[in-house]
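The following report describes the architecture, burial and contacts of a single protein chain. The sequence and the model are shown first.

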Amino acid sequence: MTAKKNRTAEIFAASHILSALYFIAGVALLALMTQPKYMPIHLGILGILDIIVSYGITKMRRWSLYVAASTSVLSLVFGGVTLAAIVKLLSSDTVDILILLGIIAYIALSVAMLIYLVLKRDEFL
């Protein structure tokens, strides 16, 4: 019974949750890159970095601490600039509000990753 509880606790550990969310964010950014109007290459690069961070955090690799920290900072800058641009152009359209909420969630994910990295940095080294 305790082995099952330990396995459940391991699955729902913060590293696995953050890793899964970063993987989802990376796939979403790669999907956004395929929009027919324009090709924002920075979305693809950030998406690939998010997927790499997801793998590194799951496996607790030493290099993932540095890649995750730099990717989180890049995500905060990208999210902040995008958020500022969208707020200026915001309409009351449902799609615009959902995009705004998605960017806010992405910024919150980046902050959560930075906090996790600061608290657990000894486990990576």
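Helices (H or I, at least four residues) and strands (E, at least two) are taken as DSSP runs, numbered from the N terminus. On that basis the protein chain holds six helices and zero strands, and from the N terminus on its elements run α-α-α-α-α-α. The model is predicted: local features need pLDDT of at least 70, side-chain atom pairs count only at pLDDT 80 or more, and totals for chains, interfaces and linings use all residues. Residues are numbered from 1 along each chain as its sequence is written, and side-chain values use heavy atoms, with hydrogens and water left out.

**Overall properties**

Accessible areas come from the Shrake-Rupley method with a 1.4 Å probe; for residues, only the protein chains shown count as cover. The accessible surface of the protein chain comes to about 8100 Å², and 73% of this belongs to carbon and sulfur atoms. A residue is called buried under 20% relative accessible area, exposed over 50%, and partly exposed in between (1.4 Å probe, protein chains only). Of the 125 residues of the protein chain, 28% count as buried. Contact means heavy atoms within 4.5 Å. Among contacts between residues at least 6 apart in sequence, 64% join residues at least 24 apart.

**Three helices and their buried residues**

The expected span of a helix is 1.5 Å times one less than its number of residues. The table sets this value beside the distance between the end C-alpha atoms.

| Helix | Residues in helix | Expected span | C-alpha end to end |
|---|---|---|---|
| H3 | 19 residues | 27 Å | 28 Å |
| H4 | 28 residues | 40 Å | 41 Å |
| H5 | 26 residues | 38 Å | 37 Å |

In H3, the buried residues are Leu43, Gly44, Leu46, Gly47, Asp50, Val53, Ser54, Gly56 and Ile57. Their cover includes H2, H4, H5 and H6. Just after H3, Met60 adopts a positive phi of about 55°.

H4 buries Ser64, Leu65, Ala68, Thr71, Ser72, Ser75 and Gly79, and what covers these residues includes H2, H3, H5 and H6. Ser75 counts as buried because its relative accessibility is 0%. Not counting residues up to four places away in sequence, Ser75 touches Tyr22, Leu46, Asp50, Tyr106 and Ser110. Among these partners, Leu46 and Asp50 are themselves buried residues of H3, while Tyr106 and Ser110 are buried in H5.

H5 spans residues 94-119. Its buried residues are Leu100, Ile103, Tyr106, Ile107, Leu109, Ser110, Met113, Tyr116 and Leu117. They are covered by elements including helix H2 (14-33), helix H3 (41-59), helix H4 (62-89) and helix H6 (121-124). Ile97, also in helix H5, is partly exposed, with a relative accessible area of 38%. Leaving aside neighbours within four places in sequence, Ile97 is in contact with Leu90, Ser91 and Ser92. Ile97 and Val87 are ten residues apart in sequence, and their C-alpha atoms lie 9.6 Å apart.

**The nonpolar core**

A nonpolar core is a set of buried Ala, Val, Leu, Ile, Met, Phe, Trp, Tyr and Cys residues joined through side-chain atoms within 4.5 Å. The largest such core has 17 residues, and those with the most contacts inside it are Val53, Ile57, Met113, Tyr116, Leu117 and Phe124. H2, H3, H4 and H5 are the elements that give two or more residues to this core. Which residues does Tyr116 contact, leaving aside its neighbours within four places in sequence? The partners of Tyr116 are Ala14, Ser15, Leu18, Ile57, Met60 and Phe124.

**Surface patch and salt bridge**

Patches are made of residues with over 30% relative accessible area and no salt bridge; like charges are joined within 9 Å, and nonpolar side chains (Val, Leu, Ile, Met, Phe, Trp, Tyr) within 5 Å. Ile17, Leu21, Phe23, Ile24 and Val27 make a nonpolar surface patch of about 430 Å². Within this group, Ile24 lies in helix H2 and counts as exposed because its relative accessibility is 54%.

Side chains of opposite charge can pair when their charged atoms come close. A salt bridge is a side-chain nitrogen of Lys or Arg within 4 Å of a carboxyl oxygen of Asp or Glu. By this rule the count is one salt bridge. Lys120 forms a salt bridge with Glu123, with the closest N and O atoms 3.7 Å apart. Lys120 is partly exposed at 33% relative accessibility, and Glu123 is likewise partly exposed, with a relative accessible area of 48%.
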